[in-house]
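Please open the structure in your viewer and keep the selection tool at hand. We will go from one stop to the next, with a short note on what to look for at each.

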Amino acid sequence: MATHERKLLVRRPECRIELCSCGVYHVGIGAITLRMTSDQASAVFEALGAAIAPSIEASEDDEPPVH
């Protein structure tokens, strides 16, 4: 049986990212851990960036958004 060892890559209050010796990323958010291949992780992070970018650009305006 193969031994899986994880290396901590990032630890923040909101999340934790580890890389397993088998090449799978473990992304922990609260009580949830997502296991993803490199391609899957890249696709998820790219999608999150695309979803969040408009709100980041809007927050850079001088005036606060109207609610």
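The tour below starts with the whole chain and then moves to single strands, side chains and the helix.

**Stop 1: the whole chain**

Before you select anything, keep in mind that this is a predicted model. Colour the chain by secondary structure and you should find one helix and four strands. Reading from the N terminus, the order is β-β-β-β-α.

Now switch on the surface. The protein chain exposes about 5,800 Å², and 56% of that area comes from carbon and sulfur atoms. Of the 67 residues in the chain, 12% are buried. If you show contacts between residues at least 6 apart in sequence, 2% of them join residues at least 24 apart.

**Stop 2: strands 1 and 2**

Select residues 6-11 for strand 1 and residues 16-20 for strand 2. These two strands run antiparallel, and five bridges join them. Together they form a hairpin, with four residues between the strands.

Two pairs are handy for finding your way across this hairpin. Arg6 stands opposite Cys20 in strand 2, and Leu8 has Glu18 as its bridge partner.

**Stop 3: adding strand 3**

Next, add residues 25-29, which make up strand 3. Strand 2 and strand 3 also run antiparallel, with four bridges between them. Here Glu18 is paired with His26 in strand 3.

Which residue in the hairpin of strand 2 and strand 3 takes a positive phi? Select Gly23 to see it: its phi is near 95°. This hairpin has four residues between its strands.

**Stop 4: Glu18 and its two arginines**

Keep strand 2 in view and show the side chain of Glu18, which lies in that strand. Is Glu18 buried or exposed? Glu18 counts as buried because its relative accessible area is 10%, below the 20% cut-off.

Side chains of opposite charge can pair when their charged atoms come close. A search of the whole structure finds two salt bridges, and you can display both from here. Show Arg6 first: the side chains of Arg6 and Glu18 meet in a salt bridge, 3.0 Å from N to O. This pair links distant parts of the chain, with Arg6 in strand 1 and Glu18 in strand 2, 12 residues apart.

Then show Arg16. The side chains of Arg16 and Glu18 meet in a salt bridge as well, at 2.9 Å from N to O. With a relative accessible area of 33%, Arg16 is partly exposed. Through shared partners, the salt bridges join Arg6, Arg16 and Glu18 into one network.

To see the wider surroundings, select the residues that touch Glu18, leaving out those up to four places away in sequence. You will pick up Arg6, Lys7, Leu8, Leu9, Val24, Tyr25 and His26.

**Stop 5: His26**

From Glu18, step across to its partner His26, which lies in strand 3. His26 is buried, since its relative accessible area is 8%, under the 20% limit.

Which side chain does His26 join in a polar contact of 3.3 Å? Draw a distance line to the side chain of Arg6 and you have the answer. Arg6 therefore turns up twice on this tour: its side chain has a polar contact of 3.0 Å with Glu18 and one of 3.3 Å with His26, each within the 3.5 Å cut-off.

Select the other neighbours too. Not counting residues up to four places away in sequence, His26 touches Arg6, Arg16, Ile17, Glu18, Cys20, Thr33, Leu34 and Arg35.

**Stop 6: the helix and its nonpolar patch**

For the last stop, select residues 38-59, which form helix 1. Show the surface again and colour Val44, Phe45, Leu48 and Ile52. These four residues form a nonpolar patch on the surface, with about 320 Å² of accessible area together.

Click on Leu48, which has its place in helix 1. Leu48 counts as partly exposed because its relative accessibility is 43%, between the 20% and 50% limits.

Terms used
Residues are numbered from 1 along each chain as its sequence is written. This is a predicted model: local features need pLDDT of at least 70, side-chain atom pairs count only at pLDDT 80 or more; totals for chains, interfaces and linings use all residues. Side-chain values use heavy atoms; hydrogens and water are left out. Patches are made of residues with over 30% relative accessible area and no salt bridge: like charges are joined within 9 Å, nonpolar side chains (Val, Leu, Ile, Met, Phe, Trp, Tyr) within 5 Å. Accessible areas come from the Shrake-Rupley method with a 1.4 Å probe; for residues, only the protein chains shown count as cover. Buried means under 20% relative accessible area, exposed over 50%, partly exposed in between (1.4 Å probe, protein chains only). Contact means heavy atoms within 4.5 Å. Two strands pair if DSSP finds at least two bridges between them. A polar contact is a pair of N or O atoms within 3.5 Å; within protein, one must be able to donate a hydrogen and the other to accept it, and residues adjacent in sequence count only if both atoms are side-chain atoms.
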